[in-house]
Amino acid sequence: MKVGSIIGGGILFASLMVPTALTKNEKKQASNDNLSFVGTATLTAPGTRSRTRAESRKGPKKHQVDLPAARLKSAHGAPPAKVLTLPTPKDNGDVDNASVRGFTGLTHLDQWSAGTGIYADSQFTTEPPDQALAVGNGFVLEAVNAALAVYDQGGRLLAGPTALNQFFGLAPEISATGEFGDFVTDPECYFDQQTQRWFITIAQIDVDPITGNFGPRAHILIAVSKSNDPRGAFNLFRIDATDDGSLGTQLHSGCPCFADQPHVGADTNGFYISTNEFNIASLNGGSFFFNGAQIYAMSKKQLADGNLSPVVHFADLPLPEGVAYSIMPAKPLRVRQTNDVPGGVEYFLSALNVFNQLDNRIAVWAVSNTASLSTPAPDVDLTKVIITSETYGAPPSAEQRPGPTPLRDFLRDFLGDNEPLEKLHTNNDRMQQVIFADGKLWAGLNTVVQQRNGLRAGIAFFSVAPSMPGGSLQAKIADQGYVSVRGNDVLNPAIGLDSAGNAVMVFTLTGPDFFPSAAFANITGKKKKLKVQIVGPGAAPEDGCSGYNACTPGSDGIARWGDYSAATADENGNIWIATEFIPAKSSGIPGTGTFFAHWGTFVARIAGEDNQ
């Protein structure tokens, strides 16, 4: 496959001065040869599967990073000298079943069965799905670990499910002869109404075909459609994220490294990817390095036209007490933004809980002069300001309603392994998906909440009004609040806005009263209680291999879940949401899962009348 390297591109190394509230990049380091063109791709025909084996194989290693431990290791000095109390929001009202239209999207069985030709029988059992969703022109594009598909807006399958390794032209996860292929994870997708193009991203790590060890290099893979139809061809690009000083990459501590959880955003001019950088050796049992958040900025138009773009890479981004992490770029929900500054700007949000305690601050970031991204030598600035917010902190693991658990029963009856009913991993209190509409940023994060019966996983959400008068970044909280369901847990928020400005947040609802379910709430306005509605009712407990020590040593009864949800809006102003749940018929090969995992995803459209 022919690989073309960028000509005249640039990488910008930005180091932020601290601890002042507003900072600017103070040094720049240029480099060429980062973004490459690697070919074209299309999804497979709808419903094409070639699964012939009944067994479900697990990968050679698990990819799971400990972000709370990483940010604590990066901490310096003492925690802020302030006394914060646990969030104690009022419990939300009764939970109702929603009367909105939706459909079961990709399931574990879809992901496991995807692949044709040399990719048949090549997919591992994977948890969690990592929800990605994009909607436009009558199409719904969904991606999970590690497959993607296209539906019409009624849920009819139009293309796929296609294995992500097959789509991106990589080696199969495992070949027919037992050789390991590329590892991919953390999909994202986005439909850009301005350019009428579909964007898909994924993190990739090389894998030794014999040993299954990770390395030596890692990349961020980008697919951009050639038209407004996601069933057509895509151009494929990649960014080398190894950062070991070779092949045009920056030289960072502890690298070679990989880009964990690449999340995407866009403004009028640019396309942006943020990641958390960890060293590859840590995945193989070696020493641990965390270099914090990385931001990559490039021309959206150049990518949409199928051309290479200069890439601007911001690194070494500190917070007052440690390195920045999970800086989430904003996705626009409107073609025309209301407060775009001269030269263009892209906003980001991040949390600040470096010491894994409680915090009441969030950081607002801005890349300005984004119009220069379309020039051979981009000249952009990254600034940030820290603002006071409501309190948040690391959430406890989520519980779930007891029910049938065939895998757990098998482990007990045939292996003598007595495992508890799994809890769900709530990850941490990092910032999750950010959207920008009508001059405001909207986002949420998982947090601990104090209820009358103890600590539970809840959600803190924020609406932030940013501005750049005279080129100086300012921001203030426009709205904020919590979602907490009495005696139960909610996790993994994503927010969308409809054409009337109503904000709807999707999340997983689970706990002693609920199997893991897809739910949403309208969070707009000053309401005493938010109305929580179930759109995809769970049919059984999570019973996957990731939470049982017999399958995944060290999991301690906590199953992988999420890691994130997705929300967006179509060109008609309808909100679309998607998240993980446990669907009906979710155990065994004939259902929506395999014996070792049985998650599903639920996709729904929420029109204006559904938001009341």
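The second largest cavity has a volume of about 100 Å³, a cavity being a set of points on a 1 Å grid over the protein atoms alone where a 1.4 Å probe fits but cannot get out, and a volume being the space filled by probe spheres set on the points. The model is predicted, so local features need pLDDT of at least 70 and side-chain atom pairs count only at pLDDT 80 or more, while totals for chains, interfaces and linings use all residues. Residues are numbered from 1 along each chain as its sequence is written, and side-chain values use heavy atoms, with hydrogens and water left out.

Among the residues lining this second largest cavity are Gln 131, His 263, Met 328 and Tyr 564, where lining residues have an atom within 4 Å of a point. The lining divides into 6 nonpolar, 4 polar and 2 charged residues. Strand β20 gives the largest share, 3 residues; strands are DSSP runs (E, at least two residues) numbered from the N terminus.

Turning to the interior, the largest nonpolar core has 62 residues, and Tyr 347, Trp 365, Met 431 and Leu 441 have the most contacts inside it. Such a core is a set of buried Ala, Val, Leu, Ile, Met, Phe, Trp, Tyr and Cys residues joined through side-chain atoms within 4.5 Å, buried meaning under 20% relative accessible area with a 1.4 Å probe and protein chains only. The largest share of this core, 6 residues, comes from strand β22 (residues 358-368). A second, separate core of 27 residues includes Val 38 and Phe 191.

Conventions. Buried < 20%, exposed > 50% of the residue type's maximum accessible area, 1.4 Å probe, protein only. Helix = DSSP H or I, 4+ residues; strand = E, 2+ residues; numbered from the N terminus. 1 Å grid on protein atoms, 1.4 Å probe; cavity = no way out; pocket = protein on both sides within 12 Å on 5 of 7 lines; lining within 4 Å. Nonpolar A, V, L, I, M, F, W, Y, C, P; charged D, E, K, R; others polar.
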